[in-house]
Amino acid sequence: MSELLIGLLGAALATNQPAALSNLVQKQTGISITVPDKNDPVEREYQKLLEMDDEAQEEVDKLIKAQENDRANVSVEARIEQRLDPVKKAYEAFLLKNPNHARARLAYGSFLNDIREEKSAFVQWEKALALDPKDPATWNNLANYYGHNGPVEKAFEYYTRAIALKPTESLYYENFADTVYLFRRDATNYFKINPEQVFDKAMALYAKAQDLDPTNFILATHIAQSYYGMQPPKTGNDEQDRKAAEKITDDALKSWRKAYDLARDEIEKEGVLLHFARFQINAGRFDEARNNLNAVTNEMFISTKRKLVQKLDGKEKAAK
């Protein structure tokens, strides 16, 4: 199976398929803010190229969803590649005629990145940056590349540049926060701060992203998930350490409550309830955890629910 299909199917088979597919594209790419002349013939051709790209992506999404219903059918891989190949050729033809079109190189790079041709995407984004260093989307996309491939210090630098150029774009803060959170040791060295301050920096970036996009459920879940990696400092004072651990649990549950309130359907709500239960079990809040687990009834969560119930039963028994 090609890397293209693996990547796209991985998103399609995630817990929330529409959100995962959207996030696969939206999280990787930024949006150019250049305002073009719509009457320019090159611009009209470029817009048609983008429409062609969008239509192909929509059809690919449909093929992937159909594949989910018939996982034994592997022919969809060839159909996807056949559908996307004309788009790739159209981008190449356009850029052959218009080699200095920065937005086309940015868009082509995003297309290549979506089909898992990361190195080729990087080349296009580098060319786009040279042509238009004031486009924040290009800085963001290159930062994403460096976050995946290194050096991660470049990612920190490039997200900072993207935000400086467009401080109202939630996505840039979210991507920056993700990278700081995932590469905590690198962030400690780069920003000359201690591990606790790294968490504070990541959370501040997440908070700014959420301020700019307060109704984004996926963003809310990313923020809430970050609490899984937080450990209270060990001071040697049992009471102080206990209070620090309780604060992390309370903050995590508050964050998951915000995600729950933004959930768009019952499936997303029940998924959040499982996260409630995990934190509550670990904190010894057994009654609350059981109430939340009892509210989870969707079949897709049965296996996870069963494991959490077993963990809850074990913890309760040990506590008696």
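In this predicted model, K192 sits in the loop that joins α10 (184-191) to α11 (195-212). The residue is not a glycine, yet K192 takes a positive phi of about 60°. K192 counts as exposed because its relative accessibility is 73%, where the cut-off for that class is over 50%. A positive phi also turns up at R116, again a residue that is not a glycine, with a value of about 70°. R116 belongs to the loop between α5 and α6. Its relative accessible area is 28%, so R116 is classed as partly exposed.

One further backbone feature deserves a look from anyone preparing to work with these coordinates. The peptide bond leading from G150 to P151 is cis, and its omega is near -5°. P151 is placed in the loop between α7 and α8 (152-165).

Stepping back to the whole protein chain, the secondary structure consists of 16 helices and zero strands. The chain has 320 residues, and buried residues make up 45% of them. When contacts in the protein chain are taken between residues at least 6 apart in sequence, 61% of these contacts join residues at least 24 apart.

The interior can be followed from its largest nonpolar core, which has 82 residues. Within this core, F111 and V180 are the residues with the most contacts. Which residues does F111 touch, once those up to four places away in sequence are not counted? The partners are D53, Q57, L84, V87, K88 and Y91.

Another buried position is found at H101, in the loop between α4 (76-97) and α5 (102-114). H101 counts as buried because its relative accessibility is 12%, and the class requires a value under 20%. The side chain of H101 reaches the backbone nitrogen of A104, at a distance of 3.0 Å. Setting aside neighbours within four places in sequence, the surroundings of H101 are made up of contacts with V42, E43, Y46, F94, L95 and L131.

The packing of α6 against α7 offers a helix pair to examine in detail. Two packed helices are described by the angle between their axes and by the distance between those axes. For α6 (residues 118-131) and α7 (residues 136-149), the axes come within 10 Å and cross at roughly 145°. The handedness of this crossing is left-handed. On the α6 side, the residues that take part are E118, K119, F122, W125, E126, A128 and L129. Facing them from α7 are T138, W139, N141, L142, Y145, Y146, H148 and N149. Sorted by class, this contact of α6 with α7 brings together eight nonpolar, four polar and three charged residues.

T138, one of the α7 residues that meet α6, gives a closer view of this contact. Is T138 buried or exposed? With a relative accessible area of 1%, T138 is buried, since that class covers values under 20%. Beyond residues up to four places away in sequence, T138 touches L106, W125, A128 and L129. W125, A128 and L129 are also among the α6 residues that meet α7. The C-alpha atoms of T138 and E126 are 8.1 Å apart in space, while the two residues are 12 apart in sequence.

Further along the chain, helix α15 (residues 286-294) holds D287, and R290 is found in α15 as well. How are these two residues classed by accessibility? D287 is exposed, because its relative accessible area is 61% and exposure begins over 50%. R290 is partly exposed, with a relative accessible area of 26%, a value that falls between the limits of 20% and 50%.

Both residues can also be placed relative to positions 10 residues away along the chain. The C-alpha atoms of D287 and A277 are separated by 9.7 Å. For R290 and Q280, the C-alpha separation is 9.0 Å. Leaving out residues up to four places away in sequence, R290 touches L312, D313 and E316.

Key
Residues numbered from 1 in each chain as written. Predicted model: local features only at pLDDT ≥ 70, side-chain atom pairs only at ≥ 80, totals over all residues. Heavy atoms only, no water. Core = buried A, V, L, I, M, F, W, Y, C linked by side-chain atoms within 4.5 Å. Buried < 20%, exposed > 50% of the residue type's maximum accessible area, 1.4 Å probe, protein only. Contact = heavy atoms within 4.5 Å. Helix = DSSP H or I, 4+ residues; strand = E, 2+ residues; numbered from the N terminus. Polar contact = N/O pair within 3.5 Å; in protein donor to acceptor, adjacent residues only side chain to side chain. Axes fitted to C-alpha atoms, helices over the stretch in contact; angles between N-to-C directions. Left-handed = near helix turned anticlockwise from the far one by under 90°. Nonpolar A, V, L, I, M, F, W, Y, C, P; charged D, E, K, R; others polar.
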